[in-house]
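The following exercises concern the surroundings of a ligand and two features of a protein backbone. Please study the sequence and the structure before reading each solution.

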Amino acid sequence: MIDKNQNRRDFIKNLALTGSVAALAASPWLSVLADNSITKGPNEQIQIAVIGTGDRGKQLIRHLFEIPGKPNFKLLAICDNFQLHLDNTLELLKEHNCSPKTYTNHLQLLENEKLDAVIIATPLHQHAQIAINCMQSGIHVFCEKAMARNLEDIKRMYDTHIQQNRILQIGHQRLFNPVYLEGMQRIHNGDLGTIGQIRAYWHRNNNWRRSLPNNDKSLERKINWRLYKEYSAGLLTELLSHQIQVAIWALQKTPISVMGTGSIRFWKDGREVNDNIALIYSFEDGTQFVYDSMTSNKKYGLEEQIMGHKGTIEFEVNRQYSETPPAAPGIQQLINNVEHGLFDNLPIGGSSWVPETASKYKGEPIVKTNDLGDTTLELEAFLKFVRAGSAPEKITKEGYNASIWTILGEQAINTGEQLHMPSEFIL
Amino acid sequence: MKDILIKSKRIKKELLYLLVSLALADLLNVISIIVYKSSWKEIFTQLGYVFMIGILFYILSIIIRVLVRVIKSFF
Ligand SMILES: NC(=O)c1ccc[n+]([C@@H]2O[C@H](COP(=O)([O-])OP(=O)(O)OC[C@H]3O[C@@H](n4cnc5c(N)ncnc54)[C@H](O)[C@@H]3O)[C@@H](O)[C@H]2O)c1
């Protein structure tokens with residue numbers, strides 16, 4: 001059996017070695033990830049804390065312990081202002097023989113512990129202050145997406161990262177997903193030709209509510225923070241933020257404007273955020289990023305479709321389609337034609353009329369094995385960056401631009417206007 | 001119980017029918033390659049299809065022969 005980790009290392013290394021200059025410039029973190037020398041050697045142990053141990057925080061901890069090659073780190077402390085989540089996380093950590101100290105306030109954590117890095121997975125509105133406090137204490141930060149609840153906080157986070165010279169990596173795991181890395185190389189090498197449109201969507205059919213512990217109604221806003229505008233922009237910050245990041249990465253430029261609309265169409269249950277949104281982002285060269293998200297139909301699931309004049313990539317299903325697909329073998333064409341000749345009705349619209357329905361061509365896979373976990377890779381990269389003392393600046397900018405344009409999307413929906421990036425937020 | 005005897009002459013005849021059916025299917029593959037200007041590699045890569053079509057031809061030949069025998073028996 002081929003070792004999955006070896007597979008993954010070879011894949012990343014190969015990508016870093018074979019990538020063109022343009023492709024590597026678009027994803028500079030690839031070279032760092034491929035460089036094994038950074039994790040080897042008798043380096044000192046990296047001291048980490050996780051702030052926010054809800055669903056994502058626990059997932060990230062699991063992924064930390066799944067990093068192959070046992071990187072030399074210690075989970076020194078966990079911090080959460082909700083005791084139940086702290087207890088659950090301690091329970092989870094028992095299987096790793098890990099018993100970190102616990103804190104309910106991140107400032108106490110910073111005061112008492114000597115940390116190299118933190119992982120922040122609190123609700124969105126808390127990200128900025130916690131991340132800024134950490135960076136000001138000299139600690140490198142991995143913070144979940146989106147960056148912050150408003151444009152000003154996003155900029156404050158970015159500025160602190162520059163002033164304090166601390167790593168600020170935002171949790172966009174697709175940046176480390178082998179399907180995306182390989183697909184982006186092809187896009188940046190020009191394999192898809194001129195990209196005219198990127199279409200993306202995320203459709204679910206559920207109410208997005210979490211059940212309250214002991215049915216305690218006073219916990220509604222704490223547990224279901226995603227549904228309230230004070231803490232979240234709902235579908236925009238939770239889902240669109242990932243997909244606008246993919247679009248910006250693919251096009252290697254930021255939009256120039258956004259317009260959009262949204263509504264609470266189905267889940268009229270007291271929530272404040274829209275359950276149905278549609279946006280169009282325009283780029284200087286005329287490319288459009290067309291987006292929609294809803295939570296009352298899941299037929300189409302989620303996808304990012306990069307559409308060029310020579311081909312299309314659909315990342316989520318790991319497929320590339322050429323605009324001129326290879327013809328089927330002769331014998332199969334013959335059988336097809338005989339079949340059509342025997343069984344098809346004559347077209348009433350005349351022989352020149354062919355219905356322009358979607359092509360049935362199933363395309364080719366972008367990468368062969370797709371079992372290479374992206375969240376583990378992004379955390380592995382973060383530890384490498386921490387050990388090296390810096391990360392490629394582009395990785396912070398990816399998070400920054402995605403977050404800024406996510407919040408601008410929300411403002412466009414709220415105002416009904418076509419919005420441009422205010423000059424003070426341009427990097 | 002009565003044994004069913006298949007004469008070797010009969011076996012040879014059926015094998016010949018099968019061989020001709022397979023050859024016809026192969027010929028069809030060659031014609032398709034020329035007509036649809038596809039790759040000559042398909043002579044080998046499409047052997048599965050060719051085999052299936054060959055079997056189909058053979059089954060057709062059985063149906064036709066049975067039909068001919070039935071019709072003949074009426075006259
Ligand atoms: N990258 C991804 O694919 C992905 C997936 C899910 C969630 N997320 C992000 O992760 C973050 C957390 O989401 P979640 O689903 O885990 O939410 P959650 O509600 O399950 O967990 C958040 C935790 O933070 C704690 N918390 C709140 N304020 C705090 C504070 N001031 N200090 C310490 N802890 C505090 C809460 O008590 C809770 O335990 C969000 O930003 C979300 O967008 C990212």
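**Exercise 1: The shell around the ligand**

Among the helices, α7(A) makes the greatest contribution to the shell around the ligand, giving 3 residues. The model examined here is a predicted one.

Task: Determine how many residues surround the ligand and which are the closest.

Solution. Step 1: the ligand is surrounded by 27 residues. Step 2: the closest of these are A:R56, A:D80, A:H85, A:R210 and A:R226. Step 3: by character, the residues of the shell comprise 7 nonpolar, 11 polar and 9 charged. Step 4: at least two shell residues come from each of α4 (55-66), α7 (124-136) and α11 (235-251) of chain A.

**Exercise 2: Position and contacts**

Task: Establish where the ligand lies with respect to domain 1 and domain 2 of chain A, and why.

Solution. Step 1: domain 1 of chain A consists of 4-175 + 373-393, and domain 2 of 197-327 + 358-372 + 404-425. Step 2: both domains give residues to the shell, and therefore the ligand lies between them. Step 3: the ligand sits in the largest pocket.

Task: State which atoms of the ligand lie 2.7 Å from A:R56 and 3.3 Å from A:G171.

Solution. Step 1: a backbone N or O atom of A:R56 is 2.7 Å from an oxygen atom of the ligand. Step 2: for A:G54, a backbone N or O atom is 3.4 Å from a ligand oxygen atom. Step 3: a backbone N or O atom of A:G171 is 3.3 Å from a nitrogen atom of the ligand. Step 4: the ligand taken alone exposes 850 Å², of which the protein buries 91%.

**Exercise 3: Two backbone features**

Task: Locate the cis peptide bond at A:A146 and the positive phi of A:K70.

Solution. Step 1: the peptide bond from A:K145 to A:A146 is cis, its omega being near -15°. Step 2: A:A146 belongs to the loop between β5 (140-143) and α8 (151-164) of chain A. Step 3: A:K70, a residue other than glycine, has a positive phi near 40°. Step 4: A:K70 is in the loop between α4 and β2 (73-79) of chain A.

Technical notes: Residues are numbered from 1 along each chain as its sequence is written. Chains are lettered from A and ligands numbered from 1 in the order in which they are written. This is a predicted model: local features need pLDDT of at least 70, side-chain atom pairs count only at pLDDT 80 or more; totals for chains, interfaces and linings use all residues. Side-chain values use heavy atoms; hydrogens and water are left out. A residue is near a molecule or strand if one of its heavy atoms lies within 4 Å of it. A polar contact is a pair of N or O atoms within 3.5 Å; within protein, one must be able to donate a hydrogen and the other to accept it, and residues adjacent in sequence count only if both atoms are side-chain atoms. Accessible areas come from the Shrake-Rupley method with a 1.4 Å probe; for residues, only the protein chains shown count as cover. On a 1 Å grid over the protein atoms alone, a cavity is a set of points where a 1.4 Å probe fits but cannot get out, and a pocket is an open set with protein on both sides within 12 Å along at least five of seven lines; lining residues have an atom within 4 Å of a point. A molecule sits in a cavity or pocket if more than half of its atoms lie within 2 Å of its grid points. Helices (H or I, at least four residues) and strands (E, at least two) are DSSP runs, numbered from the N terminus. Ala, Val, Leu, Ile, Met, Phe, Trp, Tyr, Cys and Pro count as nonpolar, Asp, Glu, Lys and Arg as charged, and the others, Gly among them, as polar. Domain bounds come from an automatic or database domain assignment.
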